[in-house]
Amino acid sequence: MECDHAKYICGIGAHAPLSPAAGVLTLHMYLKLKDNDTIAAVATPLGEGGISVIRVSGRNAFSVADKVFVGRSKLSDSPSHTAHFGRILDGSGNFVDEVVAVTFRAPNSYTCEDVVELSCHGGYLVTHKVLQLMLSTGARSAEPGEFTKRAFLNGRLDLSQAEAVGDLIHSQSEAAYRSSIRQLSGELSRELKGVRDELLNLASLLELELDFSEEDVEFANRKTLENRMVGAIEVVDRLLASYAVGKIYREGVRVTIAGKPNAGKSSLLNVLLGEDRAIVNPTPGTTRDTISENISINGVLFRLTDTAGLRETADTIEHEGVERAQREAENADVVLLVMDYKEQYYNGTDPMYNRMADVCAHTGIKLVKVWNKTDLYPAEAPRSPKDGHVFYVSALKGDGIEYLRKGLLKLALSEQTNEASVVVTNARHRDALARSRKSLKMALETLKSGKSGEFVALDLRAGLNALGEITGEITTEDVLDNIFSKFCIGK
Ligand SMILES: Nc1nc2c(ncn2[C@@H]2O[C@H](COP(=O)(O)OP(=O)(O)OP(=O)(O)O)[C@@H](O)[C@H]2O)c(=O)[nH]1
Ligand SMILES: [Mg+2]
């Protein structure tokens, strides 16, 4: 991938409303960052393993590595993308390790700088020694995410793609992995570029008019402008709406299993997990502390928490457990309210269930009612869910569990996912989209009210800049520090 060094200078060009004082990346800061001093870090996890990789990047990457690496030829004289077997020797000529050094010449490397990657034997001490040698010969220790930050500053990745690298590393479910790989491939960037180009055209048209304001000409038909602006807002709206699903892909769904003692909560956890994790016992009050486990349904992560049965109790330990159960329920995305089917059978449901329904309705938590132990009433219990919020199961026999799994997935994704559409997973992106939408709506209102194009253009530019923050065309040092400090060292 070619690097575009000029991009971030252009990004804060003539129309950018933010002054350098507001912390925007200025040309001066950019050039300082571009100073590309040489950094080094271990890029693989610390510990024992087959190999460990030490990554060196920057102006002097080759000469730094050559001071300790002895192979057939000097790395400085080697072409890009070649691997070299050799030895690492310390300052006194002592043999430290055998390594393979791989060379990448700027701009064809992860950082767009000169890079050397040394694969040494995996092990804490040997890795540490090789890194220390790099640091003593002219490299400095890389900060968290500094390699990826350089890739961004050098134009190899935009900011949303750089964030996708972090998400990819941290992804814990198939869904999180899939969404981060799509973002890394530039899907979100492309969608945003489409809207930005459109808005940029509209703003330029309006600004051109201003240059000819004396002559009172109108370059852009107002109705056409309005329609085009509405189209752009629709795209922003769609991206914003996708965040609810994106958050689920990224973070999973928190499910609290609640209900009265002995309803079969722990049995339900076990059957969903496919293993006997929680203790199941006929004595009410068996579960006293919360137990959490993860399951995956179609690649989406669900974090299930089994809780103590909800009831008034004099036992202090059990009482504490019940309070924890209530707190867990309040922090959940979904509450699975497990009830003994006997209660419905005898038509004597508990007022506690209505209280739970009220709490969920007020807090926006999704409530799923699970009538359990249907095996005891084979003739009467319905076999399939009446709707997406009520299920009939037997945790003991496994009946209806597949329906429940599918229902949970459908409920979590709110039936609105379309595999093909771009999903926003990042809270920073959501905030920028929301700000952009606000400005664009204002621009639209101003346009409709027939005010001068000057005012419309002002809000359009604000909307554009908010979108530019997502991909990093407009950015600040603080934002960058915040993003890259969450990365691991060596990435
Ligand atoms: N027949 C039948 N028995 C069940 C079913 N689910 C659970 N049980 C039994 O009900 C009893 C209580 O089950 P648990 O899973 O421990 O119930 P719990 O809700 O976790 O109970 P506490 O932790 O005490 O609040 C055990 O004897 C289970 O074997 C079911 O679907 N059918
Ligand atoms: Mg239990």
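The following questions and answers examine a predicted model of a protein chain.

User: How are residues and chains labelled, and what limits apply to this predicted model?
Analyst: Residues are numbered from 1 along each chain as its sequence is written, while chains are lettered from A and ligands numbered from 1 in the order in which they are written. Side-chain values use heavy atoms, with hydrogens and water left out, and in this predicted model local features need pLDDT of at least 70, side-chain atom pairs count only at pLDDT 80 or more, and totals for chains, interfaces and linings use all residues.

User: How many helices and strands does the protein chain have?
Analyst: Helices (H or I, at least four residues) and strands (E, at least two) are DSSP runs, numbered from the N terminus. By this rule the secondary structure of the protein chain comes to 18 helices and 13 strands.

User: What percentage of the residues in the protein chain is buried?
Analyst: Buried means under 20% relative accessible area, exposed over 50%, and partly exposed in between, with a 1.4 Å probe and protein chains only. The protein chain has 491 residues, and the buried share of them is 47%.

User: What share of the contacts with a separation of 6 or more joins residues 24 or more positions apart?
Analyst: A contact means heavy atoms within 4.5 Å. Among contacts in the protein chain with a separation of 6 or more, the share from residues 24 or more positions apart is 65%.

User: Which element gives the most residues to the largest nonpolar core?
Analyst: A nonpolar core is a set of buried Ala, Val, Leu, Ile, Met, Phe, Trp, Tyr and Cys residues joined through side-chain atoms within 4.5 Å. The largest one has 35 residues, of which L268, F302 and L336 touch the most other members. Elements that give two or more residues to this core include α11 (265-273), β10 (300-306), β11 (334-340), β12 (366-372) and α15 (401-412). With six residues, the element that gives the most is α15.

User: Which residues does L268 contact, leaving aside its neighbours within four places in sequence?
Analyst: L268 is one of the residues that touch the most other members of the largest core. With its neighbours within four places in sequence left aside, its contacts are I257, L336, V338, V370, V393, A395, I401 and L404.

User: Why is β12 largely enclosed, and what is the bridge partner of L336 in β12?
Analyst: β12 is largely enclosed by the rest of the structure because five of its seven residues are buried. Two strands pair if DSSP finds at least two bridges between them, and β11 and β12 pair in the parallel sense over seven bridges. β12 is also joined to the parallel strand β13 (residues 390-392) by three bridges. In β12, the bridge partner of L336 is V368.

User: Which residues are the protein donors of the magnesium ion?
Analyst: Donors are N, O and S atoms within 2.8 Å of the metal (3.2 Å for Na, K and Ca); water is not among the atoms, so sites may look incomplete. One donor residue is in helix α11 and the other in the loop between α11 and β9, 21 residues apart. Both are buried. At 2.0 to 2.1 Å from the ion (ligand 2), the donors are S266 (OG) and T287 (OG1).

User: Is T305 buried or exposed, and which side chain forms a polar contact with the side chain of T305?
Analyst: T305 is found in strand β10 and counts as buried because its relative accessibility is 5%. A polar contact is a pair of N or O atoms within 3.5 Å; within protein, one must be able to donate a hydrogen and the other to accept it, and residues adjacent in sequence count only if both atoms are side-chain atoms. At 2.9 Å, the partner of T305 is S292.

User: Which strands stand at the edges of the open sheet?
Analyst: Seven strands form this open sheet, with mixed pairing, in the order β3-β4-β5-β6-β2-β1-β7. Each edge strand has a single partner strand, so one side of each is left without a neighbour in the sheet; the edge strands are β3 (69-71) and β7 (140-141).

User: Which residue in β6 stands opposite V102?
Analyst: Strand β5 (residues 95-104) and strand β6 (residues 115-121) pair in the antiparallel sense over five bridges. The residue in β6 opposite V102 is E117.

User: How far apart are the C-alpha atoms of T127 and I51?
Analyst: T127 lies in helix α4 (residues 124-136) and counts as buried because its relative accessibility is 2%. T127 and I51 are 76 residues apart along the chain, and their C-alpha atoms are separated by 9.0 Å.
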